[in-house]
Amino acid sequence: MNMFTKRATAIALTFTVATGLLGGIGSLSKVSAAPLGGGPQDPKEVEQFADQFFNRPEIKESMAGAAFVVVKGDKVLLNKGYGYADVEKKLPVDPNRTLFRVASISKVITATAVMQLAEQGKIDLNKDLSAYLGDVRIPNRITHLW
């Protein structure tokens, strides 16, 4: 696996863990006592879950590194780096300083935000995009779809 793939995997993995698992962390972690759907309550519980997850051989072997941040409300429960920011130099990930390329993961985040705005009635998915862009104009050259 090349370095770009490992970096992309780390970013995607972090996003997946952060968005997909934390709501039910109590049911996934053998050490957790959090109620189902309640999410993590204790920073030590979150760190123990993350340490166990990122130390699994199949995870360590498939990624270079990851910055893992869990926020609940206005409280940071965990802000920790795993693996290496630079594998060749053995420089560890510093969650406050290591930069990752976001690559295609930003598409997932953008799509999620757009769908949340649509659910809240703040945007209409059938409306012309130009209505939301202020002075920016994108020409619509499609006259028909068939």
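F49 and F53 are both buried in this predicted model. They also sit together in helix 3, which covers residues 43–54, and because they are four residues apart there, about one helical turn separates them. Their rings make a stacked aromatic pair, with 6.4 Å from centre to centre and 20 degrees between the planes. That distance just makes the list, since ring centres have to lie within 6.5 Å to pair.

Now move along to F54, which also lies in helix 3. Its partner is F68: the ring centres are 5.3 Å apart and the planes meet at 70 degrees, so this pair is edge-to-face. Planes over 60 degrees apart are what earns that label. F68 belongs to strand 1 (residues 65–72), so the contact ties together parts that are 14 residues apart in sequence. As for solvent, F54 is buried with a relative accessible area of 2%, and F68 counts as buried too, at 0%. Both values fall under the 20% cut-off, so the label follows directly.

Step back a little and these pieces join up. F49, F53, F54 and F68, along with Y82, form one aromatic cluster. The model has four aromatic pairs by the ring-centre rule, among them the stacked F49–F53 pair and the edge-to-face F54–F68 pair.

Further down the chain, have a look at helix 5. This helix runs over residues 105–119, so 15 residues in total, and spans 22 Å from its first C-alpha to its last. That is close to the 21 Å expected at 1.5 Å a residue. After helix 5 comes G121, with a positive phi near 75 degrees.

Note on methods: Residues numbered from 1 in each chain as written. Predicted model: local features only at pLDDT ≥ 70, side-chain atom pairs only at ≥ 80, totals over all residues. Heavy atoms only, no water. Phe/Tyr/Trp six-rings, centres within 6.5 Å; stacked < 30°, edge-to-face > 60°. Helix = DSSP H or I, 4+ residues; strand = E, 2+ residues; numbered from the N terminus. Buried < 20%, exposed > 50% of the residue type's maximum accessible area, 1.4 Å probe, protein only. Expected span 1.5 Å × (residues − 1).
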